Amino acid sequence: MSGAVHYPFTAIVGMDDLRLGLLLNAVSPAVGGVLVRGEKGTAKSTAVRALAALMPDVEVVAGCRFSCAPGAPDPGCPDGPHAEGTGTARPTRMVELPVGASEDRLVGALDIERALADGVKAFEPGLLADAHRGVLYVDEVNLLHDHLVDLLLDAAAMGASYVEREGVSVRHAARFLLVGTMNPEEGELRPQLLDRFGLTVEVAASREPEQRVEVVRRRLAYDDDPAGFAARWADEEAALRERIVAARALLPSVVLGDAALRRIAATCAVFEVDGMRADIVMARTATALAAWAGRTEVREEDVRQAALLALPHRRRRNPFDAPGLDEDKLDETLEQCGGDDDPDPEPDPDPGNGPDGPGGGPEGPDGGGIPPQADGHESDPPEPSAAPYATPPVGGPGGGERSPVAAAEPFRTKTLSVPGLGDGVAGRRSRARTEHGRTTGARRPRGALGKLHLAATVQAAAPHQRARGRSGPGLVVRRDDLRQAVREGREGNLVLFVVDASGSMAARRRMSAVKGAVLSLLLDAYQRRDKVGLVTFRGRGAEVALPPTSSVDAAAARLEQLPTGGRTPLAAGLLKAHDVLRIERLRDPSRRALLVVVTDGRATGARGEDAVGLAARAARLHAADGTAGVVVDCESGPVRLGLAGRLAGELGGSAVTLDELRADSIAGLVRDFRNFRDERAVGQATGTNRRAA
């Protein structure tokens with residue numbers, strides 16, 4: 001069956017950086033895992049599964065759920081203690097962590113009911129236990145909740161997992177090869193989390209026709225006869241497996257000399273990476289590279305390759321920075337640190353630094369090998385540009401288009417929030433009922449017990465102790481007594497920007513300041529784990545420049561390329577935003593929206609059309625839906641019409657001027673729209689009372 005036979009690792013065409021990053025972690029798991037960034041359909045999952053099938057079998061204690069090694073069992077194993085002795089061999093596991101996994105599924109679950117009633121630590125292992133001494137694969141790691149990523153990376157760094165529930169704790173070993181994949185278009189990981197991955201590689205499909213042909217040819221052959229295809233590559237797989245074992249054995253003998261250490265330190269200093277983790281990862285990676293090449297000393301080329309794998313993702317300063325490394329600058333730094341302080345290099349027992357020896361790949365059974373490009377490289381990584389997010393053509397009716405202007409420097413904003421208490425996904429913006437946060441109450445559990453509210457549980461069980469025949473010091477607890485904690489934390493929201501790109505915005509040279517303000521709010525949305533969307537209106541209509549997404553990079557790129565000119569169809573922009581929010585409520589009803597309208601309040605339309613009135617009617621649709629909103633008033637000059645303020649009133653929200661926006665106060669002035677209405681009502685009542693007095 002095809003499901004029982006994995007695609008051979010050595011049959012993967014190209015993807016040299018991906019294969020090398022995986023193999024280095026197989027040689028030395030201390031490198032810290034690998035994060036694979038790239039587009040869909042680039043063999044990321046195939047490579048990870050193939051590597052797990054390639055790795056040597058592991059010896060485990062029979063019956064141990066935590067895969068203890070027979071020769072050195074974990075003294076703190078929950079299934080222990082184990083007597084030293086012979087064990088059983090099993091294949092290396094490849095465990096997948098789904099995006100929607102819960103915390104208990106990841107780290108394991110304690111049976112609190114048995115712990116309270118019987119004093120027994122009944123522990124059900126999670127995925128971290130399953131992955132011990134194997135491979136843990138996280139597809140779309142950028143879509144995982146932050147607290148799960150933190151738990152995952154903490155376990156990877158410490159080699160152990162800790163589970164604590166109401167004073168009951170369990171610890172077990174958790175050492176694994178961590179592989180995460182992500183598509184940057186779906187949102188970035190925070191820089192703090194990026195730094196926790198040892199290596200990162202960029203993957204993209206080859207643009208060489210011959211290489212693409214070979215990919216299709218091999219895949220079709222595998223689908224037709226998985227077992228036969230795997231048999232054709234069995235010799236190459238065996239050779240690569242032996243090389244992994246040999247490199248692991250050689251690794252403790254590799255010498256990392258002072259010259260190599262100075263190169264590593266100088267490289268990290270020149271590229272201004274934060275902290276010392278980059279230096280340590282580079283040292284481990286360079287050592288693994290030397291062992292992989294069959295050498296016992298680290299060379300300059302090992303340091304260079306280690307920098308290319310370990311530094312690009314550590315140079316991001318904000319979410320709009322593209323990962324990358326200036327190779328000319330790297331070569332210059334290494335040259336400056338070079339000299340005659342290297343020992344005489346020993347001959348390379350296996351020339352070629354690729355994962356499969358000379359030529360960067362195995363020569364297949366059919367003699368084909370991996371077709372290289374003309375320049376000898378697999379393929380170039382995608383350029384860090386806005387190309388994937390290119391703005392659709394916006395010419396045509398409405399005329400008067402002007403070229404895009406650059407955004408002003410972004411600034412720090414205060415918190416925008418949606419009123420009330422939500423139930424959305426975990427984030428950092430608005431108040432919500434969440435699994436994490438401060439405890440605000442207790443309730444009966446619905447289904448499996450989550451976070452136990454100990455005091456409420458004891459209070460519920462206490463009145464029934466005599467009737468239950470309690471005779472000892474222990475508390476007799478029944479299922480009906482258990483109470484689950486109700487917690488309040490923060491959720492992520494959908495922040496939908498509706499931006500006026502008409503000629504009136506460009507005529508007063510305000511678009512640069514407007515773009516800078518929106519860019520600042522996008523940065524805030526990234527930090528608070530929101531989804532964002534962008535609607536623009538100009539000329540004769542409105543368009544969705546960016547559907548709601550978790551990728552603020554995409555929103556920033558679309559904003560940067562936004563042209564201006566033409567008339568001001570404000571009503572069309574508001575109606576388009578209403579359609580977007582209506583669809584999003586169907587897709588994700590728990591995620592609440594915040595509407596940010598950036599305009600001077602002017603509206604134009606066909607001759608004889610009440611454009612301002614139509615815009616007011618469109619705004620009232622949002623108010624009727626209960627959408628929280630704020631209007632950024634871009635009107636300037638000594639004479640102001642106050643149209644943006646009226647629009648905010650129709651939205652049931654508040655307005656802030658562009659000057660106040662530049663004073664770093666936009667987010668702080670976006671208030672709970674219900675509170676705004678209440679405050680306005682109180683003010684009107686106070687004025688009436690004063691007049692009456």
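In the predicted model, helix H14 spans residues 327-337, and its buried residues are Leu330, Thr333 and Leu334. Viewed down the axis of H14, these buried residues fall within an arc of 95°, so they line one face of the helix. The other side of H14 carries Asp328, Glu335 and Gln336, which are exposed. Cover for the buried residues of H14 comes from elements including helix H11 (258-270) and helix H13 (300-310). The N-terminal end of H14 is capped by Asp326. Here a side-chain oxygen of Asp326 lies 3.1 Å from the backbone nitrogen of Asp328. Asp328 is thus named twice in this helix: as the partner of the cap and as one of the exposed residues.

In soluble globular proteins, nonpolar side chains tend to be buried together. The largest nonpolar core of this model has 62 residues. Those with the most contacts inside this core are Phe9, Leu22, Leu51, Val179, Trp292 and Leu311. Helix H12 (residues 277-292) supplies the largest share of the core, 10 residues. Another core lies apart from this one. That second core has 36 residues, among them Leu35, Val107, Val163 and Met182.

Phe9 illustrates the contacts made by a residue of the largest core. With residues up to four places away in sequence left out, Phe9 touches Arg19, Leu22, Leu23, Ala47, Ala50, Leu51, Leu54, Glu237 and Leu240. Two of these partners, Leu22 and Leu51, are themselves listed with the most contacts inside the core. The partners of Phe9 also include the charged residues Arg19 and Glu237.

The protein as a whole contains 23 helices and 20 strands. Of its 693 residues, 49% count as buried. Among contacts between residues at least 6 apart in sequence, 79% join residues at least 24 apart. The exposed area is about 31,500 Å², and carbon and sulfur atoms supply 50% of it.

Confidence varies along the chain. The protein averages a pLDDT of 78, and 79% of the residues score at least 70. Confidence is highest in H12, at a mean of 94. Helix H23 (residues 673-692) has the lowest, at a mean of 50. Two stretches have a pLDDT below 50: one is residues 351-399, another is residues 665-677. Beyond near neighbours in sequence, residues 351-399 have 100 contacts in the model. The corresponding count for residues 665-677 is 32.

Note on methods: Residues numbered from 1 in each chain as written. Predicted model: local features only at pLDDT ≥ 70, side-chain atom pairs only at ≥ 80, totals over all residues. Heavy atoms only, no water. Buried < 20%, exposed > 50% of the residue type's maximum accessible area, 1.4 Å probe, protein only. Helix = DSSP H or I, 4+ residues; strand = E, 2+ residues; numbered from the N terminus. Arc of directions from axis to C-beta. Contact = heavy atoms within 4.5 Å. Polar contact = N/O pair within 3.5 Å; in protein donor to acceptor, adjacent residues only side chain to side chain. Core = buried A, V, L, I, M, F, W, Y, C linked by side-chain atoms within 4.5 Å. pLDDT = per-residue confidence, 0-100. Areas by Shrake-Rupley, 256 points an atom, 1.4 Å probe, with all protein chains shown as cover.
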